[in-house]
Amino acid sequence: MRAAAQNNFPRRVQVALGNETLQRALGRARAGFQDKRRRAVGQVAEFERMRRAAKEIKNHTLTHLDFYLEKFADAVRANGGQVHWARTAGEARDIVVGICGAGGKKIAKGKTMVAEEIELNPALEKAGHEVTETDLGEYIVQLAGEAPSHIIAPAVHKTRGEVLELFARHHGAKKRGGDTAAIVAEARQVLREKFTGADIGITGANFLIAETGASVLVTNEGNGDLCSCLPPVHIVTAAIEKVLPTLEDLALFLRLLGRSATGQEISNYTTLYAGAKREGDADGPREFHLVLLDNGRSAMLGGEFRDMLRCIRCGACLNHCPVYGSIGGHAYDAVYSGPMGAVLTPLSAGLRVARDLPNACTLNGRCREVCPVDIPLPDLLRKHRMREFEQKLGGARGRLALVLWAFFALRPRLYQAAAGALLYLLKKTAGRRGALRKFPLAGGWTQSRDLPVPEGKTFLRRWARGER
Amino acid sequence: MKAGNDAARAEILRAIRRALGRDGPLDPGIARALAARAAQPHPRPHYSAGLAQRFAQKLRAADGSVDFADNLAGIAARVDAYLARHKLGNTVALAPDRRLDRIPWPAHWQAERRNARPGDGVGITPAFAAVAETGSVALSASAQTPAALNLLPATHIVIVEEQQIVPYMEDVWQLLRAANHNPRALFFITGPSRTADIEQTLQLGAHGPTRFFVVVRR
C-alpha cells in the first residue's frame, strides 16, 4: 500500500536529489511551464477578475453541492446516461469492474486522476481485462510500470532516451529513428489499434455541468475523445467537486485552466459529452456511465480544508513549487504531488503516515499566487503542521526546538541576547570562509550544501543603529 | 447493485448536507432561485479585431491553417489546392450532410459520404459554429456529422460560413439554447492534435489529426 511507504519521504528526497537525469528533466519542465503560463496570463488584462469570479463560483457551488449534484445526475439520466454514486475508492472500483462484466475486455483509457486515486487499473487487470493508457505520457509510465509524476504531464520525469528504450523493449525490434517525431508516430500507430479495437473506453472529466448533464473533457492529444467516441461503452470517472452550475461558468473555467496548466488560451480538444448515442446518431457509445466519487470529499467540505475542493487539477502549483521542482512527483509517493498533493495526501492517507509532506514546503507562497481559484495552499499546509504538533506526530527533536524557540520568542530581551551570542559563535566557528561545512543537529541539511553564516550584527542591533 | 447505489447516493448527499450544516435538501424557495440563477456573464478577455480576422489569427497560432472562399465553388477549389499542396491524394471522406452536398467537389476526387474509417487520410465536416476568441470550431455529433470524422482522419478539414463565427464560447451556448439542442457530443477543436509529453517538446499529430484546415466562406 502506498500510504505505508510515506514514512520514507526523506529517503526518497535524497534519492531524487541525487538523480541527475531526473534533475535535468525537472529543470527543463519547470522553466517551460513557468514561461508558458507567464506569457499566457500576461496577455489577458482581465485575468485577476476572472480568477476572482472563478473562486466565487466554486464557493457558491460547494455551498449548494447537494443541489447541483442532484441536478447534474438528473440531467445525465435525461441524456440517456447512467449515474453511479461511490462513497469510497473501493466502491468506485467495484462499480467500474461490475460495468465491465466478464473478463477479457479490451479497455482504452484516457488520463483520469480519479482512476489513479481509486487504483482502478490493477482491479481491472485482476478481473481479466486488458487496460491500455492512451495519453502518451500515461502510456509511457504504464510501460515503465510506474505511477504518473505530474498531474498533467505524467512522464515529465522521463528523458527521450528512456522512452526510446521502453518502446524498443515493448514494441519489438523495429527500425526507428530517435527523434520526438518518430516516438510520437510509433505511439500513434500502436495506440490506434487500441482505440479501434476497444470494447470499453474510460476517461475522466475536467468539469461536470449541472445545467446540461455534460461531462467536459480537455486534452491536447485527442486521445480522450477517441476513448469516448469509438468503443460501444464509455465510462467516466469523476469526483463530486467537479460540478459547475452552468455553461457560462464552464467558459470561464476553460479560460483559466488552459492558461494555468500549459499556457494555452484553450486546449486543442475541449469536448462536452452528454450521454449515450442518440437515435439516428452516426456513432457514439451505446452505454454511457458516470461514476461519481466522494472518497473523503464530503468530509473535507465540513472541515478546515474546504478551500481545497476548489482545485481544478491544473498543475500550476506543482510547476511553481521549488520543492516539487527539486524532487519531482515520485518522491511524494502519492497520487497527487506538489503543494496540492501535500494538502490532499495527509487527508486521505492520514497525517500520521504523510506528516512529512506538509513540512516539505518553504512557505514562499508562489503556489497560491498562481492558483487559478486562489486556494490558500500555504495556509492549509500550515494547518497540517499545527495538527501535527498538537498530535505530537513530529520528532522529539523538532518538538524540543519549537518549545525552545517559543520560550525565547516570548522573551524579547533574552531572544536578542541569545541571537547576538549565537551570531558571534557562528562567525567564530566559520572563520574567514563565512560558511559551515557541518552544523550540530543539521547533518542532513549540510550533507549536500554548506551553511552560510549571517553577516554583520543582528537585525535589531542594526535597526537601532539607524541602518535602514 | 441498484439498491446499493441508491444507498450510496443517499449517504453522500446526507454527508454533504451535514457538512454544510443542513439536515435536508435546500429550502424549495432557495432551490427555485438557484435553478433560475441566470446564466451570468463572467469577466472575459476583451479584443477589438474583427471576428473572421481574430478567428484566423488564433487558429493559425494553434498550428491550424485557414483560407477564405467567396462561394461554394471557391470552397472546393481551396480544399483541392490544399490537398495538392500537401500531397494528400484525392480520396476523401465527407460528412453525409446537406451543407457539404451543395459544394461542387472536384470530379477527379474519390469522395465518399460516410463516417471515418481507421486508415482515412482526409475527412471533411461542416461546423456547428466557430469561436473567434480562441480560433476554435464547434462541431456537434449527429446523424449527419459523425464524431469519428473529427478524430480519425490524418487531415481534418472543416467548412465554416463566416456568419457562423461568434465572438465567444458563450455565444455558442446561446445558439444551443435557442435551438433547444443538447448534442451527445460537442467538440471545440483548435488546431491539430499535439503532445508535449516527450521532454516538453511540442509534436503535432498525437492521436487525432496531424493537419487541421478550415475554409471560411465569406
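**The sheet of chain B and its contact with chain A**

In chain B, six strands (DSSP runs of E, at least two residues, numbered from the N terminus) build an open sheet with parallel pairing, in the order E1-E12-E7-E4-E2-E3. Two strands count as paired if DSSP finds at least two bridges between them. Strand E1 (65–69) and strand E3 (110–113) of chain B each have a single partner strand and stand at the edges, so one side of each lacks a neighbour in the sheet. On average, neighbouring strands are turned by 20 degrees against each other, direction ignored; axes are lines fitted to C-alpha atoms, for helices over the stretch in contact, and angles run from 0 to 180 degrees between N-to-C directions.

The model is predicted: local features need pLDDT of at least 70 and side-chain atom pairs pLDDT 80 or more, while totals for chains, interfaces and linings use all residues. Residues are numbered from 1 along each chain as its sequence is written, and chains are lettered from A and ligands numbered from 1 in the order in which they are written.

Strand E2 (91–94) of chain B pairs with E3(B) over four bridges in the parallel sense, and B:Thr91 stands opposite B:Gln110 in E3(B). Helix H4 (72–85) of chain B (helices are DSSP runs of H or I, at least four residues) lies across E1, E4, E7 and E12 of chain B, at about 160 degrees to E12(B).

Contact (C-beta atoms, placed from the backbone, within 7 Å) links 65 residues of chain B with 76 residues of chain A. Helix H1 of chain B gives the most to its side, with 11 residues. Strand E9 (269–273) of chain A pairs with E9(B) in the antiparallel sense over five bridges, with A:Thr270 opposite B:Phe188.

Definitions and conventions. Contact = placed C-beta atoms within 7 Å.
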